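Biologist: I have a few questions about how the chains of this model fit together. Could we look at it side by side?

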Amino acid sequence: MSIAHMMASGLGGIRTSGDLVARMQFARKMKTPAAKEYVAKKLGVSVLDLTDVYVMRDLREALGIGVTVGLPGAPRGIAAKMNIEKLLDIEINCCEIFRKMTSKR
Amino acid sequence: MAEYLTYMGDGKRIFCTREKIIDDLQAGMAEAVEVGNVPDLTSEELAMLCDIVCDRNRIVSVEPGNEVVLSNDGAQNKFTGDSGSSGCGIEMSALAAAQVHERALSMDTFEFGSLDNNYSVKPLKAVIAMQMQKMEDMQNSMIVPFFYGAMPNMGLYYEPDGPFGNPPDLMREGKIEEAQSEMEKAMDMMTRDIEFMGVKMQEAGSDGFNFDTTASAGDGDFLSVLRGVELLKKARPEAQTMVGMSSENVIGIHGMLDYKGQDVAGIYPHDQAKLAEMAGVDVFGPVTNTKSGKSLAWNMAYSVALIKECEKKSNLPCHVNMGMGVGGIPMLETPPAEAVTRCSKAMVEVAKVDGI
Amino acid sequence: MTSFENERKAIATAMVAYKVPGIQKAAADAKAAGMEATDIIEAMGAGMSEVGVLFERGKLFLPHVLSAANGMSAAVKALEADLPKDQVGTKLAKVCMGTVEGDVHDIGKSICSTMLQCGGFDVVDLGRDVPSKDFIAQVKDNGCSMMGLSALMTTTMTVQRDIIGMLKDAGLRDDVKVMVGGAPVTQTWADKIGADCYSESASEQVDRAKALLG
């Protein structure tokens, strides 16, 4: 089922920009057009580029926001999410907790 | 006369003429208009649906640029669970299942939830520390928005599974007020449990809480979730919530409940979304129930007419439920991909949903 | 000869309004106008079907359905003296209803039980999570000639098939009509397991059950 929906309608997750658009829907209650425009602006690309793997694969690696392929040295997990926070100007709960945990002497 | 391969609501293959498909689309829409009090689809929209159903290709899709967010419910259970949760029975960890969804299946969000504990709020309280520990571990690896997911499942608060009298049993005995009173007590307990679970999972780093199959036990179930979301948001404003429903109208088991002056029982998606918004929900997940004895065309028009109005009236992003037996998709554990992709396209390009 | 159109309309309106006194009054008025007791009961049954449809569409709620059913029961009791002697207390058939073992979903099955009761059937509601052997015992020892098996999960719908198998093993399959229902259940599934009847909703179930009577 997930595969069929992905092929028919999906934004593409971390292959492209789906996670970023989803972040704006959940963080700011943005509907899809507004969320896509916001993300495209922050990434400095067009809305059509958001689902273009040719554009997004290298851009994600350059921004350190996580890529779909196994790439040693590339940020994953909280490291990637801390970069996403800065990119999208949002706070992510687990990153906040991580900062609190690592600020103790 | 040319015939097109299409499906019944139970997934069975049939062949229909374009005229028959148009008739079914109009009948499905008419039913939605009548039951949900929503406007007709326009003739252009019906023509689009007809083209989608009649497309000769196996798989159809939206035009580039029209893609939407794919969120999930059911968590890792889609892999690890049995057929009851549409699972494949694959032995793997919750983290591995989440990573496969993120990195191989290109899901835009995912969640962790425990089927071992009935994937329901009440029993999960007892294993909260283990749930928190797993959430902490998984947040260290996941990149996509990652939630904690569970069903409210108010049925577990009633006898024989819980402390409160069973409302349908009491009503059969003519004890209607007593049944309503028991329901209200169960609601209070479930609301507190939702707040407790939600706060704990936020402490563990969750992005928020995904309520799956909300209102399966009727109006009291829905009201408890709305109140629970409100309390959770007050305690942890950063908690992002998605409320996914279980049916197209809220079944009136109590019948006299209201949320901030608005009736809860009997309401359809466009009114449900309004209550969700009042409670502080971030993303709303409307549902329509597929009628297995009707065709794909009938179910598609029925679902699109109801969800289009929901999307139009809602200020929240709406992610329509589109799994087995919902959103026009046939009631079959392994629904035909041909039917799934048609419903997917119809919901995105005609109903204009924000996500699936 | 009158068709009692006004009385039928009044009964239908009273049923949908679901107030016990209102239903009793509509039935009493119809009787006073000369309408046969059996016709009054039939009109109330038709009204109850409409109540079922309105419940499924979210226009009426469970307390209303049960109130309408209670009103109909009270009205039927008051009419008993006017029924032909051989029809007093007679039912179309005895039906055992239940949600199958391992499944605690209850509401849909309860509505079906109520609708069948109002439709003239003698209903034995076994509740939820019913051991399969209890269904068999109802046929063997309690005279049930019909059986309604509800399952709300794909993992429990297989129990419907198991029970049909148990009926065959016990040599009882020909003595009972088996009806199946529940969210994941379809006509295809009913055909596959050899059930006699499937209905997608409680409101259509009564007609289908009556059709099984032949």
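Biologist: How many salt bridges are counted between chain C and chain B?

Modeller: Residues are numbered from 1 along each chain as its sequence is written, while chains are lettered from A and ligands numbered from 1 in the order in which they are written. This is a predicted model, where local features need pLDDT of at least 70, side-chain atom pairs count only at pLDDT 80 or more, and totals for chains, interfaces and linings use all residues; side-chain values use heavy atoms, leaving out hydrogens and water. A salt bridge requires a side-chain nitrogen of Lys or Arg within 4 Å of a carboxyl oxygen of Asp or Glu. Between chain C and chain B, the count is four.

Biologist: Which residue does the side chain of C:Arg57 meet in a salt bridge?

Modeller: Side chains of opposite charge can pair when their charged atoms come close. Here the N to O distance is 2.8 Å. The partner of C:Arg57 is B:Glu31.

Biologist: Which helix gives the largest share of the side of chain C that touches chain B?

Modeller: Helices (H or I, at least four residues) and strands (E, at least two) are DSSP runs numbered from the N terminus. On the side of chain C that touches chain B, at least two residues each come from helix H3 (37–56), helix H4 (62–79) and helix H5 (107–118) of chain C. The largest share, four residues, belongs to H4(C).

Biologist: What area do chain C and chain B bury between them?

Modeller: Contact means heavy atoms within 4.5 Å, and by that rule 26 residues of chain C are in contact with 34 residues of chain B. Buried area is the accessible area (1.4 Å probe) that two parts lose on being put together, summed over both. Carbon and sulfur atoms account for 55% of the C–B value, which is about 2,300 Å².

Biologist: Which chains share the most contacts?

Modeller: Chain A and chain C are joined by no contact, and their closest C-alpha atoms lie 17 Å apart. Two pairs of chains are in contact. The pair sharing the most contacts is chains A and B.

Biologist: Which three residues supply 19% of the area that chain A buries against chain B?

Modeller: In this interface 45 residues of chain A are in contact with 61 residues of chain B. The buried area is about 3,900 Å², with 59% from carbon and sulfur atoms. No other three residues of chain A supply more than A:His5, A:Phe26 and A:Lys31.

Biologist: Which residue of chain B forms a salt bridge with A:Lys31?

Modeller: Across the interface of chain A and chain B, the rule finds four salt bridges. For A:Lys31, the closest N and O atoms of the pair are 2.7 Å apart. Its partner is B:Glu311.

Biologist: Which strands stand at the edges of the open sheet of chain C?

Modeller: Two strands pair if DSSP finds at least two bridges between them. Five strands of chain C form this sheet in the order E2-E1-E3-E4-E5, with parallel pairing. Each edge strand has a single partner, so one side is left without a neighbour in the sheet. These strands are E2 (122–125) and E5 (197–198) of chain C.

Biologist: What angle does helix H6 of chain C make with E1(C)?

Modeller: Strand E1 (residues 94–99) of chain C runs parallel to E2(C), joined by four bridges. Helix H6 (residues 132–141) packs on the sheet, touching E1, E2 and strand E3 (146–150) of chain C. Axes are lines fitted to C-alpha atoms, for helices over the stretch in contact, with angles from 0 to 180 degrees between N-to-C directions. For H6 and E1(C) the angle is about 175°.

Biologist: By how much are neighbouring strands of the chain B sheet turned against each other on average?

Modeller: This open, parallel sheet of five strands has the order E3-E4-E5-E6-E9. Strand E3 (110–112) and strand E9 (283–285) of chain B are its edges, each pairing on one side only. With direction ignored, the average turn between neighbours is 30°.

Biologist: How many residues apart are B:Asp282 and B:Lys233?

Modeller: The two form a salt bridge with closest N and O atoms 2.6 Å apart. B:Asp282 sits in the loop between helix H10 (269–279) and E9 of chain B, and B:Lys233 in helix H9 of chain B. The pair links distant parts of the chain, with a separation of 49 residues.
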